[in-house]
Amino acid sequence: MTTSTIAQNASVTSQPYGTTADGQSVEEYILTNANGVEVRIITYGGIITSVQVPDRDGFRANINLGFNNLADYETKSPYFGCIAGRYANRIANAEFTLDGKKYTLAANDGPNSLHGGNVGFDKQVWQASPVEGNGEVGVALRYLSPDGEEGYPGNLDVKVVYTLTADNGLRIDYTATTDAPTVVNLTNHAYWNLMGEGQGAIYDHILWLDADRYTPVNETLIPTGELAPVEGTPFDFRIPKPLAPGQRSNHEQIVFARGYDHNFVLNRAEGDTSVKLAARMYEPTCGRYLEVWTDQPGLQVYAGNFLNGTLVGASGRIYRQSDAFALETQHFPDSPNQPNFPSTVLRPGETYQTTTIYKFGVA
Ligand code: BGC
């Protein structure tokens, strides 16, 4: 075990986690801060495997869904805690055209391509090194995605830095460069339950979103292209409200996705690229909240609709439908095929750079 402790009792530690089926060693990084927050990240998929945070009474629990061994992550993970890419979320009919050339991707979600294809960034072993400075600790992950991998053009050099801040934020800084025009959309796919993973459904969690609009989808969860107002629909979270009524609504959009699984258009003034508060989930019994700060245009709210009781989580409990929520900061789904959505094209000489912060607290 390699440990290093810096000022203000923050520390970053690494230790072996396991070996993949094809023989690659995987390390686990453990980040802690002075307030009792502990985050564990493995180099396989850049997966966040555990986030321990105190509740209102100081009782710590792991609020991040995951497994307790590498083999489960390799064979059955529904993208728990991972870095999703090269294109997070869906691309319609698993194809897109860029500069007049058509690219074909893996159709791994019905007719569509989801989260980078068959072997996305969530299934790669990333190069890692510890990061320290300014009273904060972190881990820097790097992956070189070769030209043509999963059908995407261009060698993409990707860096993702996870930093645990002194004020209980898990900041994720993504950067990428390419040597040929390509499309990029990166996110983290953590599933959360503020009562603790395996502690039941998230129906009583209360959500606030800074979003006046969302992107309605068709039956295969591809956006229709419309930016629809949330007003008068189950998608209106501008005043905080529990997930339960909407999650069980008969609204056509909810029926298509078996619950919330939709991209929201975050409110943002034209040209504003600052990192700002986009969402807040609160659980009134334990008092924990999770805030999402981001510079991204969209936020996928997913309520664990496809968890079906077949996965046994880290603490030995099965995960059932709606046992977690994900708040995935990103560009809108299917942007490469939607000329009216903000562009996800990255060209040589440009740098893809985005930041998201998951901030933990109690109220
Ligand atoms: C998608 C869901 C999908 C899940 C897979 C989410 O980002 O929106 O539709 O089932 O990822 O784990």
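A salt bridge here is a side-chain nitrogen of Lys or Arg within 4 Å of a carboxyl oxygen of Asp or Glu. By that rule, this predicted model has a count of 17 salt bridges. We'll come back to some of them after a look at the ligand and the sheet.

## Around the ligand

Eleven names are worth finding on screen, so here is the full list of residues around the ligand: Pro78, Tyr79, Arg90, His115, His189, Tyr191, Asp261, Gln300, Tyr302, Phe306 and Glu328. Sorted by class, that shell has five nonpolar, three polar and three charged residues.

Which side chains come up to oxygen atoms of the ligand? Arg90 is one of them, with a polar side-chain atom 2.7 Å from a ligand oxygen. His115 has an N or O atom in its side chain 2.9 Å from an oxygen atom of the ligand. For His189, the distance from a polar side-chain atom to a ligand oxygen is 2.7 Å. As for cover, the ligand taken alone exposes 310 Å², and the protein buries 94% of that.

His189 deserves a second look. You'll find His189 in the loop between strand E17 (187–188) and strand E18 (206–209). Is His189 buried or exposed? With a relative accessible area of 3%, His189 is buried, because anything under 20% gets that label. Besides the ligand oxygen, the His189 side chain also reaches the backbone oxygen of Tyr79, at 3.3 Å. Tyr79 is itself among the residues around the ligand, so that contact joins two members of the shell.

## The sheet

Now for the strands. Nine of them make up an open sheet with antiparallel pairing, and the order runs E12-E13-E14-E15-E30-E24-E23-E18-E21. The edges are strand E12 (127–133) and strand E21 (241–242); each has a single partner strand, so one side of each is left without a neighbour in the sheet. In general terms, strands of a sheet pair through backbone hydrogen bonds, either parallel or antiparallel.

Start at the E12 edge and walk inwards. E12 and E13 run antiparallel and are joined by seven bridges, with Gly133 standing opposite Glu136 in E13. These two strands form a hairpin with two residues between them, and Asn134 in the turn has a positive phi of about 55°.

The next step takes you from strand E13 (residues 136–145) to strand E14 (residues 156–164): again antiparallel, this time with nine bridges. To check the register, pair Ala140 with Val161 in E14, and Leu144 with Asp157 in E14.

E14 then pairs with E15, also antiparallel and also through nine bridges; here Val160 has Tyr174 in E15 as its bridge partner. The hairpin of E14 and E15 has four residues between the strands, and Asn168 takes a positive phi near 65°. How many of the nine residues of E14 are buried? Seven are, so E14 is largely enclosed by the rest of the structure.

## Back to the salt bridges

Here are three of the pairs, with the distance between the closest N and O atoms or from N to O.

| Acidic residue | Basic residue | N–O distance |
|---|---|---|
| Asp122 | Lys123 | 2.7 Å |
| Asp167 | Lys359 | 3.7 Å |
| Asp272 | Arg268 | 3.8 Å |

The Asp167–Lys359 pair links distant parts of the chain: Asp167 lies in the loop between E14 and strand E15 (169–178), while Lys359 is in strand E30 (residues 352–362), 192 residues apart. In the sheet order, E30 follows E15.

How covered are the partners? Asp167 is partly exposed at 46% relative accessible area, and Lys359 is partly exposed at 25%. In the Asp122–Lys123 pair, Asp122 is buried, with a relative accessible area of 6%, whereas Lys123 counts as partly exposed at 28%. Asp272 is partly exposed at 23%, and Arg268 counts as partly exposed at 23% too.

Salt bridges can also be followed as a group: Asp212, Glu231, Asp236 and Arg238 are linked in a network of them.

Methods
Residues numbered from 1 in each chain as written. Predicted model: local features only at pLDDT ≥ 70, side-chain atom pairs only at ≥ 80, totals over all residues. Heavy atoms only, no water. Near = heavy atom within 4 Å. Polar contact = N/O pair within 3.5 Å; in protein donor to acceptor, adjacent residues only side chain to side chain. Areas by Shrake-Rupley, 256 points an atom, 1.4 Å probe, with all protein chains shown as cover. Nonpolar A, V, L, I, M, F, W, Y, C, P; charged D, E, K, R; others polar. Pairing = 2+ DSSP bridges. Buried < 20%, exposed > 50% of the residue type's maximum accessible area, 1.4 Å probe, protein only.
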